[in-house]
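These are my notes from a first look through the structure. I went by topic and wrote down what I looked up.

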Amino acid sequence: MTKPSLLELPAGVQLIYLAEGGANVIYRFVNTNEILPPQLQGKLLRLRKQTAADITYKEIARNFDTIIRPLFKPDELVDQTLIRLPESLLARRNEQLRAAERNGQRPKKRHGTYLCLSEPFGLLVTDMTADKGSTLAELKPKWLNQSPSAPPTAHRCRTCALREMKNHISLLPAKEQRSFCPLDLVSEQYESVLRATGLIQGCTDRSRLAHILFRNPTLLRLQSLQKTEREVGLLGPLAQSKEMSLAMTLRDCTMFVKIPHDEGSPVEIRLGDLDLKTGAGGKAGYWRDLEAQLIEQDWYRGSTCGHDSSECALHLQRSLPRPA
């Protein structure tokens with residue numbers, strides 16, 4: 001069996017800045033008079049920044065292909081494919097980033113970080129942005145099961161416990177976070193899923209989104225994998241093991257729900273942000289310390305402060321009157 005040849009980005013392809021995070025910049029391909037090559041259609045280009053982690057795209061792609069891809073169906077993933085970049089493309093992009101800083105067109109918190117000039121590859125990723133015929137809902141289905149090291153008397157799931165702790169530390173009501181409880185997303189009760197959709201960004205039709213997510217196979221698959229890959233909390237193996245890396249990756253992905261305005265057209269649901277997490281740079285220790293803090297300061301039990309915990313499905317279950 002011959003190995004497929006590596007894709008190469010044509011030198012003349014034009015790009016437009018779309019968005020960026022701490023480690024990557026995302027570009028959209030510009031449709032010019034020339035027809036966009038088939039392998040670029042429906043794709044975005046992801047380029048790597050120079051960061052302290054310094055994980056190459058070759059390693060990221062290898063981990064994705066060997067560890068993440070086998071866990072899901074192809075249409076459940078924001079796919080990513082390694083593509084070789086033309087010479088000088090990165091240098092030109094960096095010049096444009098600096099110009100955008102001078103013109104006030106780049107977010108201030110991203111100033112001073114630029115693309116890694118020693119990275120010869122980019123990643124082609126599935127384009128899940130909304131268009132004129134669709135809307136896009138984004139959500140983080142982080143902990144679809146309770147943390148295995150949470151106390152059995154907990155009144156909060158892991159996500160809601162962490163949110164309450166952060167809200168308490170902020171001391172500023174304006175900075176308080178509100179979000180859905182992940183346990184509601186996988187509930188067997190439609191009303192619980194509907195409650196969660198009221199706190200999901202990007203879709204104004206709560207009822208339609210709730211029907212899409214209710215007992216959704218991709219969500220249930222993710223929940224099952226999170227339950228299997230349970231080497232998290234304080235009960236797992238060594239902090240920098242592959243098992244813990246996968247377990248944390250599955251709890252920090254993003255679900256993209258692309259909803260066509262035409263209700264007769266199919267909905268597209270994919271999981272992204274599935275780069276394998278590592279324990280490098282103190283992250284593994286941070287995960288462990290955070291769990292210990294949630295337990296020791298009673299954030300799981302909900303007794304640390306008087307904040308309302310009603311957004312947590314677990315709190316609601318504990319608060320139900322017991323049958324006589």
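**Burial, before anything else.** I count a residue as buried when its relative accessible area is under 20%, as exposed when that area is over 50%, and as partly exposed in between. The model I am reading is predicted. I tried the cut-off on Arg46 first: its relative accessibility is 10%, so Arg46 counts as buried.

**Salt bridges.** I searched the whole structure and found 18 salt bridges. I looked up some of them one by one.

I began with the partner of Arg46. Arg46 forms a salt bridge with Asp275, and the closest N and O atoms are 2.3 Å apart. Arg46 sits in strand β4, while Asp275 is in the loop between β9 and α9, so this pair ties together parts that are 229 residues apart in sequence.

Next I took Asp127 and Arg28. Their side chains meet in a salt bridge, at 3.2 Å from N to O. This pair also links distant parts of the chain, 99 residues apart: Asp127 is in the loop between β6 (121-126) and β7 (134-139), and Arg28 is in strand β3 (residues 24-29). I then checked burial on both sides. Asp127 has a relative accessible area of 16%, so I list Asp127 as buried. Arg28 comes out at 28%, so I list Arg28 as partly exposed.

The third pair was Asp79 and Arg69, a salt bridge with its closest N and O atoms 2.7 Å apart. Asp79 and Arg69 both lie in the loop between α1 and β5 (80-84), so the parts tied together here are ten residues apart in sequence. At 30% relative accessibility, Arg69 is partly exposed.

I also noted a network of salt bridges that links Lys140, Lys142, Asp252, Asp273 and Lys277. Asp273 comes up again under backbone angles.

**Backbone angles.** I asked myself which residues other than glycine have a positive phi. Most residues other than glycine have a negative phi, so a positive value is worth a note. I wrote down Asp54, with a positive phi of about 55°, and Asp273, whose phi is positive and near 55°.

I placed Asp54 in the loop between β4 (43-48) and α1. Its relative accessible area is 42%, so Asp54 is partly exposed. Asp273 belongs to the loop between β9 (268-272) and α9 (283-296). At 44% relative accessibility, Asp273 is partly exposed.

**Cysteines.** How many disulfides does the structure hold? I found zero. For Cys157, I looked up the nearest cysteine sulfur, which is that of Cys160, 3.6 Å away; Cys157 is in no disulfide. The cut-off is 2.5 Å between the sulfur atoms, so a pair at 3.6 Å does not count. Cys157 has 0% relative accessibility and is buried. I checked Cys116 as well: Cys116 is buried, with a relative accessible area of 0%.

**Surface charge.** Last, I looked for charged patches. Lys58, Arg62, Arg84 and Lys242 form a positive surface patch. Of these I followed up Arg62, which is found in helix α1 (residues 57-68). Its relative accessible area is 47%, so Arg62 counts as partly exposed.

Technical notes: Residues numbered from 1 in each chain as written. Predicted model: local features only at pLDDT ≥ 70, side-chain atom pairs only at ≥ 80, totals over all residues. Heavy atoms only, no water. Patch = residues over 30% accessible without salt bridge, like charges linked within 9 Å, V, L, I, M, F, W, Y side chains within 5 Å. Areas by Shrake-Rupley, 256 points an atom, 1.4 Å probe, with all protein chains shown as cover. Salt bridge = Lys/Arg side-chain N within 4 Å of Asp/Glu carboxyl O. Lys, Arg positive; Asp, Glu negative; His and termini not counted. Charge placed at Lys NZ, Arg CZ, Asp CG, Glu CD. Helix = DSSP H or I, 4+ residues; strand = E, 2+ residues; numbered from the N terminus. Buried < 20%, exposed > 50% of the residue type's maximum accessible area, 1.4 Å probe, protein only.
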